[in-house]
Structure formats: structure tokens, C-alpha cells
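Reader: I have a new structure on my screen and would like to walk through it with you. Shall we take it one question at a time?

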Amino acid sequence: MREIVLDTETTGFDPFDGDRIVEIGAVELWNHVPTGNVYHQYINPERSMPKEAFEVHGLGDEFLADKPVFASIAQDFVDFVQDSLMVIHNASFDMKFLNAELSWVNLPKLPDSQALDTLAIARKKFPGSPASLDALCRRFGIDNSNRTLHGALLDSEILAEVYLELIGGRQPDFALANVAGRQTTSNETQNWRARPRDTPLNSKVTKEEAANHAAFIDSLGDGALWKTGD
């Protein structure tokens with residue numbers, strides 16, 4: 001099962017008030033295990049950066065001036081995400097911005113059903129407790145000391161750890177996601193069963209040990225469990 005843990009940074013709170021995405025970071029998981037495959041892109045918002053937003057992520061006009069506009073990276077982003085489940089903290093915020101940006105370049109919107117909101121999961125699992133990313137890092141003992149400013153890629157990497165804790169701990173599926181040298185589908189993983197070896201292992205029981213065992217069974221009489229065939 002492929003999942004994309006994703007975060008964005010923006011110029012503000014509402015794309016329909018002129019705010020834009022300035023950074024996207026995403027981490028790929030396969031069967032809940034990070035693959036090392038990531039997507040990271042800074043984006044020129046084609047507008048000035050408000051002071052309040054700059055204080056959150058530190059991405060200023062000068063730094064973003066030579067970065068590509070969303071229209072030039074949109075297809076690459078869509079190709080990375082594909083139809084995989086997107087794991088997002090406060091998903092409605094990021095989805096609102098992503099779908100606004102996609103619509104402005106005439107690309108299909110991402111369905112809301114494709115997003116899994118870890119904020120909602122945390123609030124349900126720990127009602128009444130703080131559910132920010134920093135609060136969840138403290139709860140689960142996850143090191144976020146490098147998070148002096150918000151950053152989309154760093155936050156998505158941290159969120160991946162938080163997500164795995166929220167769903168039951170950082171344990172990959174018992175069934176290894178590889179069968180005959182290829183990656184399995186989620187259905188194959190769920191239905192995994194051990195199968196006999198093509199060539200049975202040689203017995204480690206010696207002839208003398210086998211004879212002694214047979215003699216012992218004979219000494220138990222005809223009613224011995226090992227003689228019933230059940």
C-alpha cells in the first residue's frame with residue numbers, strides 16, 4: 001500500500017483571498033515504511049510574502065524569486081502523488097490550497113476522499129489534549145528539535161513518524177512487501193501465508209535418535225497418542 005505524507009507552506013490562510021503555496025514537501029511510505037522517495041519543491045507565489053507568514057516559515061521574496069511558479073511544477077506534483085492516500089495534518093487546509101492551485105492551471109482537483117487527516121485522528125484518540133504536530137511529537141517522544149521554523153519537507157518527515165505512532169506504533173507489516181522479487185499489492189500482503197519449501201530441509205535427527213524414539217513410543221502401548229493417526 002502506497003501512502004504520501006504531505007505538508008505545504010503558504011503565504012497565508014485563504015487562496016481565494018490571494019494567498020498561494022510556496023513550498024510542498026512529501027514523503028512516500030510503502031506498507032507504512034518510508035521508502036526514501038520524497039518530493040520537495042519551493043514555489044514562487046508571484047506575490048509578496050506577508051510578514052506574518054515569513055515569521056512562520058522564513059521563506060522570503062528574495063529566496064523565492066528564482067523558484068518555479070506552480071504552473072510549471074503542477075504536473076510533476078500530480079505524477080508523484082498519483083492516486084495514493086495523502087496523509088496530512090489538518091488536511092482541509094492543505095487540500096484547499098492544492099485544489100485551488102490545480103484548478104488555476106486547469107488540472108483535475110484531488111478528491112477529499114484521497115486525504116487522511118492526522119489532526120482528526122489525534123483529536124479522536126486523545127480527546128481534550130493538544131493535537132498540534134509539536135504536541136504529538138512530545139507525546140510520542142519524537143525528536144523535532146530541528147523544527148525551529150515550519151518547513152514542508154521536515155514537517156512531512158516528522159508527520160510520517162507521528163502518523164505511524166497514531167495507527168499503532170512504528171512497526172512495518174509482518175509480511176515483507178516483496179514476493180518473488182516484486183512489490184506486493186495491499187491485498188496480497190493482507191492474504192500472505194507461509195508456503196512449503198520447494199526443497200525440504202534435510203532432517204537433523206540421526207538414525208540412532210529415530211530408533212530410540214520409535215522404541216520409546218512402542219513402550220507406551222497401543223493407546224499412545226502417536227499411534228492413533230489423529
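Reader: Happy to start with a glycine: where in the chain is Gly151 placed?

Author: Good place to begin, and please keep in mind that this is a predicted model. Helix α6 covers residues 133–140, and α7 comes after the stretch that holds this glycine. Gly151 therefore sits in the loop between α6 and α7.

Reader: Is Gly151 buried or exposed?

Author: The cut-off for buried is under 20% relative accessible area. Gly151 comes to 14%, so this glycine counts as buried.

Reader: Which residues is Gly151 in contact with, leaving aside its neighbours within four places in sequence?

Author: One pairing sets the scene: Gly151 and Gly25 are 126 residues apart in sequence, and their C-alpha atoms are 8.0 Å apart in space. With the neighbours within four places set aside, the contacts of Gly151 are Asp7, Glu9 and Glu23.

Reader: Thanks! Now the overall plan: how many helices and strands does the secondary structure of the protein chain come to?

Author: From the N terminus on, the order of elements reads β-β-β-α-α-α-β-α-β-α-α-α-α-α. Counted by type, that comes to nine helices and five strands.

Reader: And what share of the contacts between residues at least 6 apart in sequence join residues at least 24 apart?

Author: For background, the protein chain has 230 residues, and buried residues make up 39% of them. Among contacts between residues at least 6 apart in sequence, the share joining residues at least 24 apart is 64%.

Reader: Let's turn to charges. How many residues apart in sequence are the parts that Arg47 and Asp19 tie together?

Author: Side chains of opposite charge can pair when their charged atoms come close. The structure holds six salt bridges, and in one of them Arg47 meets Asp19 at 3.2 Å, N to O. Arg47 belongs to the loop between β3 (33–42) and α1 (51–57), while Asp19 belongs to the loop between β1 (2–10) and β2 (21–30), so the parts tied together are 28 residues apart.

Reader: Which partner of that pair counts as buried, Arg47 or Asp19?

Author: Arg47 has 30% relative accessibility and so counts as partly exposed. At 10% relative accessibility, the buried partner is Asp19.

Reader: Which residues are linked with Arg20 in a network of salt bridges?

Author: Arg20 forms a salt bridge with Glu46, with 3.7 Å between the closest N and O atoms. That pair links distant parts of the chain, 26 residues apart: Arg20 is in the loop between β1 and β2, and Glu46 in the loop between β3 and α1. Arg20 is buried at 16% relative accessible area, whereas Glu46 is exposed at 55%. The network of salt bridges links Arg20 with Glu46 and Glu101.

Reader: Why are Lys51 and Glu55 separated by about one helical turn?

Author: These two form a salt bridge, and their closest N and O atoms are 2.4 Å apart. Lys51 is exposed, with a relative accessible area of 57%, and Glu55 is partly exposed at 48%. The separation is about one helical turn because Lys51 and Glu55 are four residues apart in helix α1.

Reader: Now some helix packing: are α5 and α7 parallel, perpendicular or oblique to each other?

Author: Two packed helices are described by the angle between their axes and the distance between the axes. Helix α5 (residues 118–125) and helix α7 (residues 152–166) pack with axes 11 Å apart, at an angle of about 40°. The crossing of α5 and α7 is left-handed. An angle under 35 degrees would be roughly parallel, and roughly perpendicular begins at 65, so α5 and α7 are oblique.

Reader: How do the residues of the contact of α5 with α7 divide into nonpolar, polar and charged?

Author: On the α5 side are Thr118, Ile121, Ala122 and Lys125, which meet Leu159, Tyr163, Glu165 and Leu166 in α7. By type, the residues of this contact divide into five nonpolar, one polar and two charged.

Reader: One last item: what is the phi of Asn106?

Author: Asn106 lies in the loop between α4 and β5 (115–117), and this residue is exposed, with 72% relative accessible area. Although Asn106 is not a glycine, its phi is positive, at about 60°.

Conventions. Residues numbered from 1 in each chain as written. Predicted model: local features only at pLDDT ≥ 70, side-chain atom pairs only at ≥ 80, totals over all residues. Heavy atoms only, no water. Salt bridge = Lys/Arg side-chain N within 4 Å of Asp/Glu carboxyl O. Helix = DSSP H or I, 4+ residues; strand = E, 2+ residues; numbered from the N terminus. Buried < 20%, exposed > 50% of the residue type's maximum accessible area, 1.4 Å probe, protein only. Axes fitted to C-alpha atoms, helices over the stretch in contact; angles between N-to-C directions. Parallel < 35°, antiparallel > 145°, perpendicular 65-115°, else oblique. Left-handed = near helix turned anticlockwise from the far one by under 90°. Contact = heavy atoms within 4.5 Å. Nonpolar A, V, L, I, M, F, W, Y, C, P; charged D, E, K, R; others polar.
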